[in-house]
Amino acid sequence: MRILCTNDDGIHAPGLKIVEEIARALSDDVWVVAPELDQSGVSHSLSLNDPLRLREVGPRHFAVRGTPTDCVIMGARHILGETMPDLVLSGVNKGRNVAEDVVYSGTIAGALEGTILGIPSFALSQEFSMETRHAPLWETALKFGPEILRRVIDAGVPKNTVINVNFPACAPDDVAGVRVTRQGKRNLGFLKVDQRRDGRGNPYFWIGFERLAQVDVPAEGTDLAALAARYVSVTPLRLDRTDDEFAQALTATLK
């Protein structure tokens, strides 16, 4: 099995080494193509107006000055030659990708691009807590990742579906199990725009986050609830975003 690994945290991110270890538990034919720079939050951006610079950093390890989407396309359509990968793994992201994160995440986008190319694809993310922010518990992803991948691959990943896996912010022995979940929704009231001034007195802005006075209780069955209960969350996400129920209502409305 030929495996293509990518991420959005960049070619030197610790999580990229973790995803490579997970891949090597499944196969010896592993290739790494990752962004030269941190691309967190770029979503499914595709570089159409800028050239892509490619740098070989080691055997079967390449850096692309572009987005995770660019990396998967470069890997599958150029670097790997005529033999396409059998599997795309994106991650392991530092921090969870749940709820609305899936819209912004470059990690998710890397796996989505693999799915678009017809390749079974997984996005992998390691949640961290305030205590583990600077030292995520990567061993949790390492312990549970390979077996989850094997079982899902054996079951068969449907076309047009990407598998989003999030590992809880706890030691492997404290993981309660694995749950198949749906995408959750959280209160986005914590988003803020922080205005500052540079050395010349000109304003600039950061999009940031602030702590909520009260944290919402996540709905049962969601990725948020699973992580809160220390379960590994496995969420199948579809490329087709059509709202079938509302489409039926619109059909009647627009007759």
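**Entry 1: Asp9**

I began with the surroundings of Asp9 in this predicted model. Setting aside neighbours within four places in sequence, I found Asp9 in contact with Asp38, Ser40, Val92, Asn93 and Lys94. I then looked up where Asp9 sits, and it belongs to the loop between β1 (2-6) and α1 (14-24). Is Asp9 buried or exposed? Its relative accessibility is 19%, and the limit for a buried residue is under 20%, so Asp9 counts as buried. I also noted a polar contact of 3.0 Å between the side chain of Asp9 and the side chain of Ser40.

**Entry 2: the annotated site**

I next consulted the UniProt record, an unreviewed entry. Its "binding site" annotation covers Asp8, Asp9, Ser40 and Asn93. These residues are spread over 86 residues of sequence, yet they cluster in space, with a largest C-alpha distance of 9.1 Å.

I followed Asn93 further and located it in strand β5 (residues 87-94). Asn93 counts as buried because its relative accessibility is 6%. Which residues does Asn93 touch, not counting those up to four places away in sequence? I listed Asp8, Asp9, Thr107, Leu124, Ser125, Gln126 and Trp138. The side chain of Asn93 also reaches the backbone oxygen of Gly95 at 2.8 Å.

**Entry 3: the domain record**

From the same kind of record, also an unreviewed entry, I took the UniProt listing of residues 3-187 as "domain: Survival protein SurE-like phosphatase/nucleotidase". I noted that the end C-alpha atoms of this span lie 37 Å apart. The span is 30% helix and 24% strand.

**Entry 4: α1 against α5**

I turned to the packing of α1 with helix α5 (residues 138-155). Their axes are 9 Å apart and meet at an angle of about 35°. The crossing of α1 past α5 is right-handed. On the α1 side I recorded Pro14, Gly15, Ile18, Glu21 and Ile22 as making the contact. On the α5 side the contact is made by Trp138, Ala141, Leu142, Gly145, Pro146 and Leu149. Sorted by class, the contact has 8 nonpolar, 2 polar and 1 charged residues. I noticed that Trp138 had already appeared in my list for Asn93.

**Entry 5: helix α4**

Why is helix α4 (residues 106-116) described as largely enclosed by the rest of the structure? I found that 10 of its 11 residues are buried, so the description follows from that count. Among the buried residues are Gly106, Thr107, Ile108, Leu112 and Glu113. Thr107 is also one of the residues that Asn93 touches.

I then checked the ends of α4. Ser105 caps the N-terminal end, where a side-chain oxygen lies 3.0 Å from the backbone nitrogen of Thr107. Just after the helix, Gly118 takes a positive phi of about 85°.

**Entry 6: Asp223**

My last entry concerns Asp223, which I placed in helix α6 (residues 223-228). Asp223 is buried, with a relative accessible area of 1%. I compared its position with that of Val180, which is 43 residues away along the chain, and their C-alpha atoms are separated by 8.2 Å. Leaving aside neighbours within four places in sequence, I found Asp223 in contact with Val98, Ala99, Thr181, Arg182, Gln183, Gly184, Ser233 and Thr235. For Ala99 I could add a detail: its backbone nitrogen lies 3.1 Å from a polar atom of the side chain of Asp223.

How values were computed. Residues are numbered from 1 along each chain as its sequence is written. This is a predicted model: local features need pLDDT of at least 70, side-chain atom pairs count only at pLDDT 80 or more; totals for chains, interfaces and linings use all residues. Side-chain values use heavy atoms; hydrogens and water are left out. UniProt positions are given in the numbering used here, feature names are shortened, and annotations may be inferred rather than shown by experiment. Helices (H or I, at least four residues) and strands (E, at least two) are DSSP runs, numbered from the N terminus. Buried means under 20% relative accessible area, exposed over 50%, partly exposed in between (1.4 Å probe, protein chains only). Contact means heavy atoms within 4.5 Å. A polar contact is a pair of N or O atoms within 3.5 Å; within protein, one must be able to donate a hydrogen and the other to accept it, and residues adjacent in sequence count only if both atoms are side-chain atoms. Axes are lines fitted to C-alpha atoms, for helices over the stretch in contact, and angles run from 0 to 180 degrees between N-to-C directions. A crossing is left-handed if the near helix is turned anticlockwise from the far one by less than a right angle, and right-handed if clockwise. Ala, Val, Leu, Ile, Met, Phe, Trp, Tyr, Cys and Pro count as nonpolar, Asp, Glu, Lys and Arg as charged, and the others, Gly among them, as polar.
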